[in-house]
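User: I am new to this structure and would like a careful, close look at a single part of it, with the terms explained along the way.

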Amino acid sequence: MNVPRLAPLMLIGLALVGCDRTSTPGAESVAPPAPVRAEEIRPVPLRNQVRAVGVLAPRDEVRLSFKLGGVVDRILVEAGDRVEAGDLLAVIKRAEVDAAVAQATEAVDK
């Protein structure tokens, strides 16, 4: 037998054995694909609708009132600051207050 002639045949035989599809390493660990169902997207009417009329306001909001009016000179608090009874919130321009006091004093003197 001539060995150099058999070498190419042996290489072709080994290559064909290596290409066997049934002996693929890791073939047992591949999971089958999960079943998938496609659905059409379509609008659905809402059943529990609420229609209402009202005023939306925070629970802890307090309406402010003042004993006398005037022009505000400075505001001493920011929106959202916590305040308590007696805290100074703003300063009114004195010129208008003094004029109102003078007018009231003259009315009393008459």
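To set the scene, how many helices and strands are there in the chain? Then please look closely at the largest pocket: which residues are the closest to its centre?

Analyst: The model is predicted, so local features need pLDDT of at least 70 and side-chain atom pairs count only at pLDDT 80 or more, while totals for chains, interfaces and linings use all residues. Residues are numbered from 1 along each chain as its sequence is written, and side-chain values use heavy atoms, with hydrogens and water left out.

The chain holds two helices and two strands, in the order α-β-β-α along the sequence; these elements are DSSP runs numbered from the N terminus, helices being H or I over at least four residues and strands E over at least two.

The largest pocket encloses about 960 Å³ of space. Its lining has 29 residues, among which Leu64, Phe66, Val77, Val83 and Leu89 are the closest to the centre. A pocket here is an open set of points on a 1 Å grid over the protein atoms alone, where a 1.4 Å probe fits and protein lies on both sides within 12 Å along at least five of seven lines, and a lining residue has an atom within 4 Å of a point. Grid points are joined across faces, edges and corners, and the volume is the space filled by probe spheres set on the points.

At least two lining residues come from each of β1 (72-75), β2 (90-92) and α2 (94-109). By type, the lining comprises 16 nonpolar, four polar and nine charged residues, where Ala, Val, Leu, Ile, Met, Phe, Trp, Tyr, Cys and Pro count as nonpolar, Asp, Glu, Lys and Arg as charged, and the others, Gly among them, as polar.

Leu64, one of the residues closest to the centre, sits in the loop between α1 (3-18) and β1. Leu64 counts as exposed because its relative accessibility is 58%, the classes being buried under 20% relative accessible area, exposed over 50% and partly exposed in between, with a 1.4 Å probe and protein chains only. Across the chain of 110 residues, 1% count as buried.
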